[in-house]
Amino acid sequence: MFIEHSLELPENKNDDKFSHIDKSASLTTRKFIGANVKRRFEITIKENVSSLENIIKKLNYYKPDLKIVFTLIPRFITMEEVSVPFMKEWKEEFENIMKYFERIYGIRFYSYKGCAEISGNCHFYADVDHLNTVGGRCLATLMMKELLD
């Protein structure tokens, strides 16, 4: 939310040096989405999946009673909405990888990306990507509930 204001100083009277700016124009998503999201690095993706699988195997070998849980934490709702078109195919691929790990290794995967009670509350965020202490505690409460079910 932007608040438009101007100071009522004599030097600001009839000052139209910014009148050429179109205030109704929307921001482009290029400002929010980095180039790496728009490109695929197949070798890196395969290496990362393989590395994660090796870590899971080692954890299962050394700590067979350990319960492994992966989560996706929501960003502030504006950022979630902006990234939807760019993350659509990535999301499906990522969720399929998590389903594979669930099926083969018994890990748990929870996504809180659609949790509007968290992502829609500006009082829960230190910035658009990071929960603050209050938001972290609220999310931890939701996570504990799911883990105990």
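## A buried ring and its surroundings

At 0% relative accessibility, Phe101 counts as buried. The model that shows this is predicted. Tyr100 has a relative accessible area of 32%, so Tyr100 is partly exposed. Phe101 and Tyr100 form an aromatic pair that is tilted, with 5.5 Å from centre to centre and 55° between the planes. Together with Tyr105 they make one aromatic cluster.

**Overall layout**

The protein has 149 residues, and 17% of them count as buried. Five helices and two strands are present. Read from the N terminus, the order is α-α-β-α-β-α-α. Contacts with a separation of 6 or more come mainly from far along the chain: 68% of them join residues 24 or more positions apart. The accessible surface comes to about 11,900 Å². Carbon and sulfur atoms hold 58% of that surface.

**Confidence**

Mean pLDDT is 82 for the protein. A value of 70 or more is reached by 74% of the residues. Helix H2 (residues 42-62) has the highest mean among the elements, 96. Helix H1 (residues 35-38) has the lowest, 59. Over residues 1-9, pLDDT stays under 50. For that stretch the model has three contacts beyond four places in sequence.

**Salt bridges**

How many salt bridges does the structure hold? There are two.

| Pair | Closest N to O distance |
|---|---|
| Arg75 and Asp129 | 3.8 Å |
| Glu80 and Lys113 | 3.1 Å |

Take the bridge between Glu80 and Lys113. Glu80 lies in helix H3 and Lys113 in the loop between strand E2 (108-111) and H4, so this pair ties together parts that are 33 residues apart in sequence. Is Glu80 buried or exposed? Its relative accessibility is 12%, so Glu80 counts as buried. Lys113 is at 27%, and therefore counts as partly exposed. Helix H3, the home of Glu80, covers residues 77-105. Leaving aside neighbours within four places in sequence, Glu80 is in contact with Ile73, Pro74, Arg75 and Lys113. Arg75 is thus on the contact list of Glu80, and Arg75 also forms the salt bridge with Asp129. That bridge links distant parts of the chain, 54 residues apart. Arg75 sits in the loop between E1 and H3, and Asp129 in the loop between helix H4 (116-119) and H5. Asp129 is partly exposed, at 36% relative accessibility.

**Aromatic pairs**

A search of the whole structure finds five aromatic pairs. One of them joins Phe76 and Tyr125: the ring centres are 5.6 Å apart and the planes stand at 70°, so the pair is edge-to-face. Where do the two residues lie? Phe76 is in the loop between E1 and H3, and Tyr125 is in the loop between H4 and H5. The pair therefore ties together parts 49 residues apart in sequence. Both residues are buried.

**A nonpolar patch**

Which residues make the nonpolar surface patch? They are Val69, Met144, Leu147 and Leu148, and the patch covers about 360 Å². Helix H5 (residues 133-148) gives the most, with three residues. Val69 lies in strand E1 (residues 69-72). At 32% relative accessibility, Val69 counts as partly exposed. A patch residue needs over 30% relative accessible area, and Val69 has 32%.

Conventions. Residues are numbered from 1 along each chain as its sequence is written. This is a predicted model: local features need pLDDT of at least 70, side-chain atom pairs count only at pLDDT 80 or more; totals for chains, interfaces and linings use all residues. Side-chain values use heavy atoms; hydrogens and water are left out. Patches are made of residues with over 30% relative accessible area and no salt bridge: like charges are joined within 9 Å, nonpolar side chains (Val, Leu, Ile, Met, Phe, Trp, Tyr) within 5 Å. Accessible areas come from the Shrake-Rupley method with a 1.4 Å probe; for residues, only the protein chains shown count as cover. A salt bridge is a side-chain nitrogen of Lys or Arg within 4 Å of a carboxyl oxygen of Asp or Glu. Helices (H or I, at least four residues) and strands (E, at least two) are DSSP runs, numbered from the N terminus. Buried means under 20% relative accessible area, exposed over 50%, partly exposed in between (1.4 Å probe, protein chains only). pLDDT is the predictor's confidence in each residue, from 0 to 100. Contact means heavy atoms within 4.5 Å. Rings of Phe, Tyr and Trp (its six-membered ring) pair if their centres lie within 6.5 Å; planes under 30 degrees apart count as stacked, over 60 as edge-to-face and the rest as tilted.
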